[in-house]
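Trainee: Please show me how to read a protein model of this kind, one feature at a time.

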2 protein chains.
Amino acid sequence: MSDQEKNELNISTSWNAYNEQCPTRLMLNRIADKWAVLLLGLLERETKRFSTLQRETGGISQKMLTQTLRSLERDGLIQRTVYASVPPKVEYSITPLGFTLVAPLAAIRVWSETHIEEVLAAQSAYDKAQDSEKQQPNVRKIVFN
Amino acid sequence: MSDQEKNELNISTSWNAYNEQCPTRLMLNRIADKWAVLLLGLLERETKRFSTLQRETGGISQKMLTQTLRSLERDGLIQRTVYASVPPKVEYSITPLGFTLVAPLAAIRVWSETHIEEVLAAQSAYDKAQDSEKQQPNVRKIVFN
DNA sequence: TCCCAATAGTTACTATTAGTAAGTAGGAAC
DNA sequence: GTTCCTACTTACTAATAGTAACTATTGGGA
């Protein structure tokens, strides 16, 4: 029985992202990455060109765009097609494997967008508490047991 | 109507992670992070101590553990409780807000664990193709249009 | 004829971030 | 009085990300 078959049957395998030696840890590193999340989100619906991806992903440099696209291609998540035209034309599209990752990644992007106000409020509260602790140290959050 | 109410009604707001100036971009940066994914996964079920979190998260240093926990606390995703005992005892637990993020993050961890074999295969194929391209450059993946 | 525009990069350099290893506190046990 | 415990800091180094300038190719315009 392959590991994949075991996974489908929900039998635990050796794959475990909490183990630093496991290849899944490297994978988590790759996909738990802001540029990967944003780029796969853009390619979810349609094929796009290099320059379009750069324009639509605010703040990404050419270097990071190339680097991230190259990694995603190597991992089999996107496909790169070069057209022999001048000026050059290179199109990127999502693969079936990449498509299985779109929904999970979209979920965390959407989470950011829907919960940002609660997070900003928590940050303000934390910073305020930090300030008052500077005046009166060690009076907060300590439990005497 | 608040942005959150708009979000609940699925009305588009100004929040957009593709805009580099948007606070949601910073948020995406925080949660699209391997240590955050792993730590929130550990805290999903139970409160844990600093040393336990370090033991269960392979390869994390004390510095990164402190740093990541501090960020998650500031963002309101986890809670930190200090007990006035010797030796010190500090417990970390997930907040209701953090709990809403557990499932999305678990999904990408699980994706890594269930699709790793396909990714490893894609990587081998890519590396092999790269090698053969070195022998015969520019014969692959180019479309003449 | 010479120069510029357009696309998809690469490269060299700098800044930021992550990782490593050693140090700190304060009391309890030996 | 020396060591141990936990949960950190801090100083230093290594790796990664960001910035900006450079490249190839060729069609079109002055």
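Trainee: With which residues is Lys48(B) in contact, leaving aside its neighbours within four places in sequence?

Mentor: A contact means heavy atoms within 4.5 Å. By that criterion, Lys48(B) touches Leu42(B), Leu43(B), Leu53(B), Glu56(B), Val90(B), Glu91(B) and Tyr92(B), its neighbours within four places in sequence being set aside. Please note that this is a predicted model, in which local features need pLDDT of at least 70 and side-chain atom pairs count only at pLDDT 80 or more, while totals for chains, interfaces and linings use all residues. Residues are numbered from 1 along each chain as its sequence is written, chains are lettered from A and ligands numbered from 1 in the order in which they are written, and side-chain values use heavy atoms, with hydrogens and water left out.

Trainee: Is Lys48(B) buried or exposed, and in which strand is its place?

Mentor: Buried means under 20% relative accessible area, exposed over 50%, and partly exposed in between (1.4 Å probe, protein chains only). Lys48(B) has a relative accessible area of 11%, so it counts as buried. Its place is in strand E1 (residues 48-49) of chain B; helices (H or I, at least four residues) and strands (E, at least two) are DSSP runs numbered from the N terminus.

Trainee: With which side chain does the side chain of Lys48(B) make a polar contact?

Mentor: A polar contact is a pair of N or O atoms within 3.5 Å; within protein, one must be able to donate a hydrogen and the other to accept it, and residues adjacent in sequence count only if both atoms are side-chain atoms. For Lys48(B), the partner is the side chain of Glu46(B), at 3.5 Å.

Trainee: Val90(B) was among the contacts of Lys48(B). Where is Val90(B) found?

Mentor: Val90(B) belongs to strand E3 of chain B. Its relative accessibility is 17%, so Val90(B) is buried. Beyond its neighbours within four places in sequence, Val90(B) is in contact with Lys48(B), Arg49(B), Phe50(B), Arg80(B), Thr81(B) and Val82(B). Phe50(B) illustrates how the fold joins separate parts of the sequence: Val90(B) and Phe50(B) are 40 residues apart in sequence, yet 6.4 Å apart in space from C-alpha to C-alpha.

Trainee: How many residues of helix H3 of chain B are buried?

Mentor: Nine of the ten residues of helix H3 (residues 34-43) of chain B are buried, so the helix is largely enclosed by the rest of the structure. Among them are Trp35(B), Leu42(B) and Leu43(B). At the start of H3(B), a side-chain oxygen of Asp33(B) comes to within 3.2 Å of the backbone nitrogen of Trp35(B).

Trainee: How should the relation between chain A and chain B be read?

Mentor: Two copies of a chain are related by a rotation about an axis and a shift along it. Here, a rotation of 180° with 0.0 Å of shift along its axis superposes chain B on chain A, with an RMSD of 0.0 Å; the fit is by least squares on the C-alpha atoms of residues with pLDDT of at least 70 in both. That is the relation of a two-fold axis. The same surface serves both copies, as 100% of the contact residues of chain B recur in chain A.

Trainee: Which residues are closest to DNA strand C?

Mentor: A residue is near a strand if one of its heavy atoms lies within 4 Å of it. DNA strand C is surrounded by 21 residues, the closest being Gln62(A), Arg80(A), Tyr92(A), Lys63(B) and Met64(B). Sugar and phosphate make up 55% of the atoms of this strand that come within 4 Å of the protein. A polar side-chain atom of Ser51(A) lies 2.9 Å from a phosphate oxygen of DNA strand C, and one of Lys34(B) lies 3.5 Å from a phosphate oxygen of that strand. A backbone N or O atom of Pro88(A) is 2.9 Å from a sugar or linking oxygen of DNA strand C.

Trainee: And which residues are closest to DNA strand D?

Mentor: They are Lys63(A), Met64(A), Gln62(B), Arg80(B) and Tyr92(B), out of 21 residues that surround DNA strand D. Of the atoms of this strand within 4 Å of the protein, 59% belong to sugar or phosphate and the rest to bases. An N or O atom in the side chain of Arg80(B) is 2.5 Å from a phosphate oxygen of DNA strand D, and one in the side chain of Lys34(A) is 3.5 Å from a phosphate oxygen.
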